[in-house]
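Hello,

Here is the structure I promised to pass on to you. Please open it alongside this message, and then read on for what turned up in it.

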Amino acid sequence: MVYLTGAGPGDIDLLTVKALRVVRQADVIIYDRLANPKILDEAKDGCKFVYVGKEDGRHTLPQDQINEVIYQNALEHETVVRLKGGDPLVFGRGGEEAAYLKERGIAYEFIPGVTSAISVPAYAGIPVTHRGVAVSFKVVTGHEAPNKEQSQVDWESMKSDETIIFLMGLHNLSKIAENLIRIGRDPATPAAVISRGTTPEQQCVVGTLENIYARVKEAGIPTPALIVVGKVVELRETLRWFAE
Ligand code: SAH
């Protein structure tokens, strides 16, 4: 059995009870850079650990090889835990891993995790929806440069006042902000960038679409980081609770 498991966003207490149960049973744990390594301390004696994460934006292993590593381990071991940061199906490629296993007759389960997209803003005091402020939110990849031809991201759809959360977008922050202004969002729209959310190293930089890039550059904050755009960012002033 392969458990495609969410590790949560960083704070180890945000690991689900179900994830903790399978981590304790696992014969092998295949884990990512974003999964808090302290979770591995919960494994039983003799559990094998396999690291397949990325370092400095470079893939340690390409996805098809990761799929194969999971498969090979599933042939040899009874309980395999594939541990991924946040939720395994939110930009986690958990669906691809499941499809690979399915084709080869290996049983699997998804164990959803607490995604960074919602929990990291929460730890910064930013609710992704709020009565009278935002009635919807959208989670978007920030990895695709907005000016890239054939971009799959529908920028025109981001004209409304909903909250937008960009994952994997720190490197494209200036382009993302410029593009939102270009499609008609007010340059004074509040924006926040939150780095290493839910951990003791959490940092949050707040600004507007117009100045967020300059502020983040000045602060020099590290990855992983996500971007929140929308009026909900203003709520942080009153709702902030986590010590940064
Ligand atoms: N499956 C993950 C997301 C994987 S994409 C989830 O559900 O959370 C990786 C991106 O997630 C990073 O580039 C960053 O934008 C975001 N991210 C993950 N953990 C984070 C954290 N602790 N703080 C800020 N952003 C985080």
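Below is what was found, going from the overall layout down to single residues.

First, a word on what you are looking at: this is a predicted model.

**Layout**

The protein splits into domain 1, residues 2-111, and domain 2, residues 116-239. Between their C-alpha centres there are 28 Å. As for how they meet, eight residues of domain 1 make contact with 13 residues of domain 2.

**Cores**

The largest nonpolar core is made of 22 residues. Inside this core, Met-158, Phe-166, Leu-180 and Val-193 have the most contacts. Two or more residues each are given to this core by strand S9 (163-167), helix H5 (173-182), strand S10 (190-195), helix H6 (212-219) and strand S12 (225-229). H5 supplies the largest share, with four residues.

Leu-180 is a good place to start if you want to look around there. Leaving out residues up to four places away in sequence, Leu-180 touches Trp-155, Met-158, Ile-164, Phe-166, Arg-185, Leu-209 and Val-229. Another core, of 17 residues, lies apart from the largest one, and Ala-19, Val-23, Cys-47 and Ile-111 are among its members.

**A pocket**

You may like the second largest pocket, which has a volume of about 160 Å³. Its lining consists of Lys-159, Asp-161, Arg-185, Asp-186, Ala-188, Thr-189, Pro-190, Gly-230, Lys-231 and Glu-234. By type, six of these lining residues are charged, two are polar and two are nonpolar. Arg-185 appears in this lining and is also one of the residues touched by Leu-180.

**Two buried loop residues**

Thr-79 sits in the loop between helix H2 (63-76) and strand S6 (80-84). Its relative accessible area is 14%, so Thr-79 counts as buried, the limit being under 20%. Apart from neighbours within four places in sequence, the contacts of Thr-79 are Met-1, Tyr-3, Gln-25, Ala-26, Asp-27 and Val-28.

Glu-144 belongs to the loop between strand S8 (137-141) and S9. Glu-144 is buried too, because its relative accessibility is 14%. With neighbours within four places in sequence set aside, Glu-144 contacts Ser-151, Gln-152, Val-153 and Asn-172. Glu-144 and Asn-172 are 28 residues apart in sequence, while their C-alpha atoms are 8.0 Å apart in space.

**Backbone points to check**

Most residues other than glycine have a negative phi, and most peptide bonds are trans. With that in mind, here are three places to view.

- Thr-223 and Pro-224 are joined by a cis peptide bond, with omega about -5°. Pro-224 is in the loop between H6 and S12.
- Phe-91, not a glycine, has a positive phi, near 50°. Phe-91 is in the loop between S6 and helix H3 (94-103), and with 42% relative accessibility it counts as partly exposed.
- Thr-198 has a positive phi of about 70°, and it is not a glycine either. Thr-198 lies in the loop between S10 and strand S11 (203-208), and with 3% relative accessibility it is buried.

Which elements flank the loop that holds Thr-198? They are S10 and S11, and S10 is also among the contributors to the largest nonpolar core.

Happy exploring, and best wishes

Terms used. Residues are numbered from 1 along each chain as its sequence is written. This is a predicted model: local features need pLDDT of at least 70, side-chain atom pairs count only at pLDDT 80 or more; totals for chains, interfaces and linings use all residues. Side-chain values use heavy atoms; hydrogens and water are left out. A nonpolar core is a set of buried Ala, Val, Leu, Ile, Met, Phe, Trp, Tyr and Cys residues joined through side-chain atoms within 4.5 Å. Buried means under 20% relative accessible area, exposed over 50%, partly exposed in between (1.4 Å probe, protein chains only). Contact means heavy atoms within 4.5 Å. On a 1 Å grid over the protein atoms alone, a cavity is a set of points where a 1.4 Å probe fits but cannot get out, and a pocket is an open set with protein on both sides within 12 Å along at least five of seven lines; lining residues have an atom within 4 Å of a point. Grid points are joined across faces, edges and corners, and a volume is the space filled by probe spheres set on the points. Ala, Val, Leu, Ile, Met, Phe, Trp, Tyr, Cys and Pro count as nonpolar, Asp, Glu, Lys and Arg as charged, and the others, Gly among them, as polar. Domain bounds come from an automatic or database domain assignment.
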